Amino acid sequence: MEKSSLDADCCALNTVLVEEKRGHLIPNGNAHQGVNGTLICGPISAATGAISSAAAEKKKGYPERETWTRQMDFMMSCVGFAVGLGNVWRFPYLCYKNGGVLPNIAIKTNINKTEKEIINKPKLDKIFRLGFASMVIVFFCNTYYIMVLAWGFYYFIKSFSSTLPWSTCDNPWNTENCIEIFRHGDCLNGTIGNSTFGNLTCEELANGRSPIIEFWENKVLNISDGLDEPGAMNWEMLLCLMAVWVMVYFCVWKGVKSTGKIVYFTATFPYVVLIILLVRGVTLPGAYDGIMYYVKPNWSKLGEAQVWIDAGTQIFFSYAIGLGALTALGSYNRFNNDCYKDAFVLAFINSGTSFFSGFVVFSILGFMASEQGVDISKVAESGPGLAFIAYPKAVSMMPVAPVWAALFFIMLLLLGLDSQFVGVEGFVTGILDLFPGKYYMRYQREIAVAICCLLCFIIDISMVTQGGMYVFQLFDYYSASGMTLLWQAFWECVVVAWVYGADRFMDDIARMIGYRPFPWMKWCWSFITPCVCMGIFLFHLLNYKPLTYNNVYVYPWWGEVIGWCMALSSMLCIPVSFVYKLSGAKGTFRERWEILTKPVWGAHHLEYMAPDTDIKSLASLSPGTEENKVIIFESVM
């Protein structure tokens, strides 16, 4: 092609040289250099208006979008959000329940391959509004998840005493049924006399209540008889709730510049505590039996549908898929950030943390089972039952118990804290992105974060009453449950692979990172992941059971209605938006579909767009090749 014809098609816009793993901007005049050093250019009339508009906003003094100071800030934030309480209290329990750690890792490996790239989805559609659904889910999650931090903070404060308050039965909240240490086997064998426990029979002793259970239910929760009995406010818990919300606010209020620094501590210190707890745990009697119970495989479990269901839902909780927070974090990256590599690194760290946490948890549970003379299945718990009953009880049996209790709960607090403030960051980012630059005002981020935190705090007040646990469980079971996340992930795959186009999405990633992802990813987006998501979703729906508390209290019908309203508030965003947008457009159905599904490129996208001929040439490149390490030049379309 002659140089004169290039000049005719090109304008005076600067383009960018994109080196692998870097973001250097190098002006190159009017001509655009391709992968092999050839000059290429495409029509840019479509970009002129958008770029001019962006330049006009910048000229008016609107601030540019923040970016991460370092790439490591982004990765640590992703790790802090995705690696949370579920890695410590849910994955180990599922391993015990479903045949040991090895079958579960095999399942997680298969499902991970289908899910990794979902965390990097861009804003692609104007008709389904997936972002709205994600924001509803993450709002609910931010609202109730922080209660776990408030409970953990309360336990942490109570750990600073010579005798842990949940280790004895001489407290005001204890009942006459409280028994500190009781080995049922010794009672049946006649090793201990019943006079030790008030001449009660072995059967009556077996129905006794542990001091940790009474501390949890009578002191921390002060639980009422049902959802319809909210009861009085727990002022101590209200202060703890207020304290953790203040922590979250000051972690988020200045944006990713400050968040990226805080997560270096909140995301790494829990690993230090886990290592300390593991060293302590493996030295305790019974630890070996607990660890063997954790790792001993039962391969026959792989044939059970429930095992795959549990593993699938654990993936969604563990990797925060469908919440939109990881997408919000990714929006602060530079354009040429290698999101493909980041997905693999995050998956490895997340699964590795879950695997490692299992050794910590089961070494302690093995010790507790040994001390009580029962099988480990009798002490294995999941969720709050592990964090606030089983583990504190085990800690109370150790020498220097307050030290180990404080370490455990500071780890719990930090694990949850970074997940919480990154979730708030994702929600606030979505809200602020709804408003164009002309609505910019000073301190808008600080105000938006304050409003978000205050609104969630007001809702949370209902969870620090005597009936608060019932409200918490209602949020947990419906608002951000497996069903809502599966539904969200299914539509994400459909939109990316079938509406926007899997091949086009692969091209977009190639523009960003300089090479095309492994073709397996396209098949995952198109077939495997949506089928897995819909299959598990239908299984959940067909096997739906009304919500209960402790398998005893059944929620009233109106409580279930409230729960389903929370679930549908996010799930209906997608079909309702689809019908509304389609019915409001003009023309035939085909014309409406084409208009509504046509991508809208912003100036920041158009600046980096390259002709299709350049993108196709990237198909032969792979990470680490010499051609990829030279340069990839991207022109404006």
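A residue counts as buried when its relative accessible area is under 20%, as exposed when that area is over 50%, and as partly exposed in between (1.4 Å probe, protein chains only). The model is predicted: local features need pLDDT of at least 70, side-chain atom pairs count only at pLDDT 80 or more, and totals for chains, interfaces and linings use all residues. Residues are numbered from 1 along each chain as its sequence is written, and side-chain values use heavy atoms, with hydrogens and water left out.

**Exercise 1. Cysteines**

Determine which cysteines are joined in a disulfide, and state whether Cys-456 is buried or exposed.

Solution.
- Step 1. The criterion is a pair of cysteine sulfur atoms within 2.5 Å.
- Step 2. One disulfide is present in the structure. Its partners are Cys-169 and Cys-178, with an S to S distance of 1.9 Å.
- Step 3. The angle about the S-S bond is -70 degrees, and the link of Cys-169 and Cys-178 is left-handed.
- Step 4. Cys-456 takes part in no disulfide; the nearest cysteine sulfur belongs to Cys-452 and is 4.4 Å away.
- Step 5. Cys-456 has a relative accessibility of 0%, and therefore counts as buried. Cys-178 is also buried because its value is 12%, and Cys-251 is buried because its value is 9%.

**Exercise 2. Aromatic pairs**

Classify the ring pair of Tyr-294 and Phe-362, and then that of Tyr-470 and Tyr-553.

Solution.
- Step 1. A pair of aromatic rings is described by the distance of the centres and the angle of the planes. Rings of Phe, Tyr and Trp (its six-membered ring) pair if their centres lie within 6.5 Å; planes under 30 degrees apart are stacked, over 60 edge-to-face, and the rest tilted.
- Step 2. This rule gives a count of 49 aromatic pairs.
- Step 3. The ring centres of Tyr-294 and Phe-362 are 5.3 Å apart and the planes stand at 15 degrees, so this pair is stacked.
- Step 4. Helices and strands are DSSP runs, numbered from the N terminus (helices: H or I, at least four residues; strands: E, at least two). Tyr-294 belongs to helix α14 (residues 287-295) and Phe-362 to helix α17 (residues 339-372), so the pair ties together parts that are 68 residues apart in sequence. Both Tyr-294 and Phe-362 are buried.
- Step 5. For Tyr-470 and Tyr-553, the values are 4.9 Å centre to centre and 55 degrees between the planes, and the pair is tilted.
- Step 6. Tyr-470 is in helix α21 (residues 468-479) and Tyr-553 in strand β5 (residues 553-554), so this pair ties together parts that are 83 residues apart in sequence. Tyr-470 and Tyr-553 are both buried.

**Exercise 3. The annotated binding site**

Explain why the positions that UniProt lists for "binding site" gather at one spot.

Solution.
- Step 1. The unreviewed UniProt entry lists Gly-80, Ala-82, Val-83, Asn-87, Ser-318, Asn-350, Leu-415, Asp-418 and Ser-419. UniProt positions are given in the numbering used here, feature names are shortened, and annotations may be inferred rather than shown by experiment.
- Step 2. These positions span 340 residues in sequence, yet no two of their C-alpha atoms are more than 14.3 Å apart, so they gather at one spot.
- Step 3. Ala-82 is part of helix α3 (residues 71-82), and it is buried because its relative accessibility is 4%. Contact means heavy atoms within 4.5 Å; beyond residues up to four places away in sequence, Ala-82 touches Asn-87, Ser-318, Leu-346 and Asn-350.
- Step 4. Asn-350 is located in helix α17 and is buried, with a relative accessible area of 0%. Its contacts, leaving aside neighbours within four places in sequence, are Ala-82, Val-83, Asn-87, Ser-318 and Tyr-319.

**Exercise 4. Nonpolar cores**

Find how many residues the largest nonpolar core has, and which helix gives the most to this core.

Solution.
- Step 1. A nonpolar core is a set of buried Ala, Val, Leu, Ile, Met, Phe, Trp, Tyr and Cys residues joined through side-chain atoms within 4.5 Å.
- Step 2. The largest such core has 155 residues; Trp-151, Tyr-155, Trp-216, Leu-241, Trp-245 and Phe-388 have the most contacts inside it.
- Step 3. The greatest contribution to this core, 20 residues, comes from helix α7 (residues 130-158).
- Step 4. A second, separate core has twelve residues, including Ala-497, Ile-509, Ile-513 and Tyr-515.
- Step 5. Among the contacts of Trp-245, not counting residues up to four places away in sequence, are Asn-142, Ile-146, Cys-453 and Cys-456.
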